[in-house]
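Okay, thanks everyone, I'll keep this short. Have a look at the fold while I pull it up.

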Amino acid sequence: MRTQIVAGNWKMNCNLDESLHLLNELKLKDFSKAEVEVVIAPTFTNLYAVHQNLNDSSIKISSQNINENEEGAYTGEISPDMLKSVGVEYVIIGHSERRAIYNESDELLAKKATAALKHDLKIMFCIGEMLDQRKADKHFDVVKDQLEKGLFHLSASEMENVVIAYEPVWAIGTGETASPEQAQEIHEHIRNVLAKKYNQNIADQTSILYGGSVKPNNAKEIFAKKDVDGGLIGGASLDANSFAEIVMSF
Ligand code: PEP
């Protein structure tokens, strides 16, 4: 069975105190009833403290980005080994904000994926089309292209450590969500693309998350679709009650 995952992308929100406060609120929630892996992605400066304060919580930690190099003269950047050394388990790669605001190319994202896996970090790899691409009915081709360029240099065994997050850019932070049917049809397409490139087994075991304005009132319907294995949550992950409700939607 595929791992079901709900991940909270805190983006550039929460200073140290606020991060620990949010973590403490989440630790009070009983996630044990939901058969879901719960992941949170605080900003770089708070990863270590959040990890240190997990105690016996099963929550896992993700970074929001990674540098593709091992070490050296890359001012302001964070290496895979640095992330690993503070307890990070997952890295988000290719978030649409990184692609759009910081011009991260498919080629760069492919290098980041390789670097993360080399250090035993699991990847949440984000793909998704823009509004004009959806309107032009190009969304199936766009996500296929992003997969091919960003991930398909990886071997089948490396793919075991990759989670895909389908996030239509027009639904991120906009309050607009893909309908459960729209999510299902593109998740199924993504799984078919994986099967064609690798094999059915890899396709069947890869978790594919949906992201884009998931809230407590729409999570259940989206997560009920057979190829949706959870969610990458932005805004609603900053409120412990909302995030917990989304987790418990499974
Ligand atoms: C995201 O940024 O990954 C995201 C899905 O954001 P939101 O839930 O706020 O749309």
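Let me start with a question: leaving aside its neighbours within four places in sequence, which residues is Asn 46 in contact with? Keep in mind that this is a predicted model. The answer is Cys 14, Asn 15, Leu 16 and Ser 19. Asn 46 itself sits in helix H2, and with 3% relative accessibility it counts as buried.

Asn 46 has company in there. H2 runs over residues 44–52, and its buried residues are Asn 46, Leu 47, Ala 49 and Val 50. What do they pack against? Two helices, H1 (16–27) and H3 (80–85), plus two strands, S2 (37–41) and S3 (60–63).

Now, Cys 14 came up as one of the contacts of Asn 46, so what about disulfides? The count is zero. For Cys 14, the closest cysteine sulfur is the one in Cys 126, and at 19 Å that's too far for a bond, because a disulfide needs the sulfurs within 2.5 Å. Cys 126, then, is in no disulfide either. It is buried, mind you, at 1% relative accessibility.

Last stop, a helix pair. H7 (residues 139–150) and H9 (residues 180–197) have axes that come within 10 Å and cross at roughly 40 degrees, so we call them oblique to each other. The crossing is right-handed. On the H7 side, the contact uses His 139, Phe 140, Val 143, Lys 144 and Leu 147; on the H9 side, Glu 185, Ile 186, His 189, Ile 190 and Val 193. By class, that's six nonpolar, two polar and two charged residues.

Key. Residues are numbered from 1 along each chain as its sequence is written. This is a predicted model: local features need pLDDT of at least 70, side-chain atom pairs count only at pLDDT 80 or more; totals for chains, interfaces and linings use all residues. Side-chain values use heavy atoms; hydrogens and water are left out. Buried means under 20% relative accessible area, exposed over 50%, partly exposed in between (1.4 Å probe, protein chains only). Helices (H or I, at least four residues) and strands (E, at least two) are DSSP runs, numbered from the N terminus. Contact means heavy atoms within 4.5 Å. Axes are lines fitted to C-alpha atoms, for helices over the stretch in contact, and angles run from 0 to 180 degrees between N-to-C directions. Angles under 35 degrees count as roughly parallel, over 145 as roughly antiparallel, 65 to 115 as roughly perpendicular and the rest as oblique. A crossing is left-handed if the near helix is turned anticlockwise from the far one by less than a right angle, and right-handed if clockwise. Ala, Val, Leu, Ile, Met, Phe, Trp, Tyr, Cys and Pro count as nonpolar, Asp, Glu, Lys and Arg as charged, and the others, Gly among them, as polar.
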